[in-house]
Amino acid sequence: MDDRTSLALPAPLRLVGFGIQLREWTDEDVPDLVALYDDPEIDRWTPVASPFGTGDARDYLAAARTKRADGHAVQLAITTDGRTALGEILLFHSAVDGRDVELAYGIGAAHRRRGLAAGAVRLMVDHAPRNTRARRAVLRIEDGNTASEGVAGATGFVLTDDDPVVRTAKGREVVLRTWCHLGDGGRPTGR
């Protein structure tokens, strides 16, 4: 039996709720993507490097489409109106445990502290366990990223006792701690 989660989600995927609309990226989003990811805070906390220009955005979207087509990841624009991208949320196979799905997100500097990340995480957590074979939904958050820890706590995730995940990114060691989503019964979401 295959222990990997299934990310064969219908396309195009559109999720609506919590004042948020998640949708697939389009080529017209390149300027918004540049505005979102050409940011020192995004550079600090995510694998996306700044400066981030138009060519980087086109390459990023091409890679996202390939991962989507291959069933490895789903990357959705976070909007409030279904049009203007204010951030992004990702759902992907966990590299640590293939039975888990992992979420990651980034919000553009001009749009932070509006509940967009929390709304997007809630929407994805409501959708993902029903539509994947995930054992659990997790966030992996770098030590010191208090904003992401706040989103995790506000959306029903709790810090686990899983061993920290240590990676080298952009020439530095990154220590990620695992947060697991708890369902309504206080147990991890998924199966």
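Pro-31 and Ala-35 are exposed (over 50% relative accessible area, 1.4 Å probe, protein chains only) on one side of helix α1 in this predicted model. On the other side of α1, which spans residues 30-37, Val-30, Leu-33, Val-34, Leu-36 and Tyr-37 are buried (under 20% on that scale). Viewed along the helix axis, the buried residues of α1 lie within an arc of 165°, so they line one face of the helix; the arc is that of the directions from the axis to the C-beta atoms. Their cover includes α2 (40-45), α3 (54-69) and β4 (87-93), with contact meaning heavy atoms within 4.5 Å.

The protein contains five helices and nine strands, in the order β-β-α-α-α-β-β-β-α-β-α-β-β-β from the N terminus. Helices (H or I, at least four residues) and strands (E, at least two) are DSSP runs. The radius of gyration is 16 Å, close to the 16 Å that the globule rule gives for 191 residues, so the protein is as compact as a globular protein of that length; the radius is taken over C-alpha atoms, and the rule is 2.2 Å times the number of residues to the power 0.38. Of the 191 residues, 48% count as buried. Among contacts with a separation of 6 or more, 63% join residues 24 or more positions apart.

Residues are numbered from 1 along each chain as its sequence is written, and side-chain values use heavy atoms, without hydrogens and water. Because the model is predicted, local features need pLDDT of at least 70 and side-chain atom pairs count only at pLDDT 80 or more, whereas totals for chains, interfaces and linings use all residues.
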